[in-house]
Amino acid sequence: MPNIRGAKKRVRGNGRKAVVNTYVGSSMKTAIKNFEKSVKENDKEAASKNLNIANQRIDKAKKNGLIKENKASRAKSRLMKMKNNME
């Protein structure tokens, strides 16, 4: 446990940020999995809805600095390619 006042404040802030980062990251992964599941089931309506949600979650994770810009672009590109290749 830190003794310096500023370090104590940093510990509290880092704890709050860790909770938010965990939520944003896991919700992004869940949205991507839901989209992939709807593509596998060949449900076009659900796939387009889940694609929008996944893109929003990816953008939020990028904005928060959880993932880099190239990873966000790559993920969105792969999801769009999956949707376009649906039969």
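## A quick tour of the salt bridge, helix α2 and the largest pocket

A search of the whole structure turns up one salt bridge. Please keep in mind that this is a predicted model. Below you will find that salt bridge, then the two sides of helix α2, then the largest pocket, and finally a glance at Glu 69.

**The salt bridge**

- The partners are Asp 59 and Lys 76, whose side chains meet at 2.9 Å, N to O.
- Asp 59 sits in helix α2 (residues 44-63) and Lys 76 in helix α3, so the contact ties together parts that lie 17 residues apart in sequence.
- Asp 59 has a relative accessible area of 30%, so it counts as partly exposed, a class that runs between the 20% and 50% cut-offs.
- Lys 76 is also classed as partly exposed, because its relative accessibility is 27%.

**Helix α2 and its two sides**

- With 20 residues, α2 reaches 28 Å from its first C-alpha to its last, close to the 28 Å expected at 1.5 Å a residue.
- Which residues of α2 are buried? They are Ala 47, Asn 50, Leu 51, Ala 54, Asn 55, Ile 58 and Ala 61.
- Looking down the axis of α2, you would see these buried residues fall within an arc of 150 degrees, so they line one face of the helix.
- The spacing has a simple background: an α-helix has 3.6 residues a turn, so residues three or four places apart point the same way.
- Turn to the other side of α2 and you meet the exposed residues Glu 45, Lys 49, Gln 56 and Lys 63.

**The largest pocket**

- The largest pocket holds about 200 Å³ of space.
- Two elements each give two or more residues to its lining, namely α1 (5-40) and α3 (69-84).
- Helix α3 supplies the largest share of that lining, with six residues.
- Among the lining residues are Met 28, Ile 32 and Glu 36, along with Lys 71, Arg 74, Ala 75, Arg 78, Leu 79 and Met 82.
- Ile 58 and Ile 67 also belong to the lining, and Ile 58 is one of the buried residues of α2.
- Sorted by class, the lining has seven nonpolar and four charged residues, with no polar ones.

**A glance at Glu 69**

- Is Glu 69, a residue of helix α3, buried or exposed? Glu 69 counts as exposed because its relative accessibility is 56%, and the cut-off for that class is over 50%.
- Glu 69 and Gln 56 are 13 residues apart in sequence, and their C-alpha atoms are 14 Å apart in space.
- Gln 56 is itself exposed, on the other side of α2 from the buried residues.

Notes:
Residues are numbered from 1 along each chain as its sequence is written. This is a predicted model: local features need pLDDT of at least 70, side-chain atom pairs count only at pLDDT 80 or more; totals for chains, interfaces and linings use all residues. Side-chain values use heavy atoms; hydrogens and water are left out. On a 1 Å grid over the protein atoms alone, a cavity is a set of points where a 1.4 Å probe fits but cannot get out, and a pocket is an open set with protein on both sides within 12 Å along at least five of seven lines; lining residues have an atom within 4 Å of a point. Grid points are joined across faces, edges and corners, and a volume is the space filled by probe spheres set on the points. Helices (H or I, at least four residues) and strands (E, at least two) are DSSP runs, numbered from the N terminus. Ala, Val, Leu, Ile, Met, Phe, Trp, Tyr, Cys and Pro count as nonpolar, Asp, Glu, Lys and Arg as charged, and the others, Gly among them, as polar. Buried means under 20% relative accessible area, exposed over 50%, partly exposed in between (1.4 Å probe, protein chains only). A salt bridge is a side-chain nitrogen of Lys or Arg within 4 Å of a carboxyl oxygen of Asp or Glu. The expected span of a helix is 1.5 Å times one less than its number of residues. The arc is that of the directions from the helix axis to the C-beta atoms.
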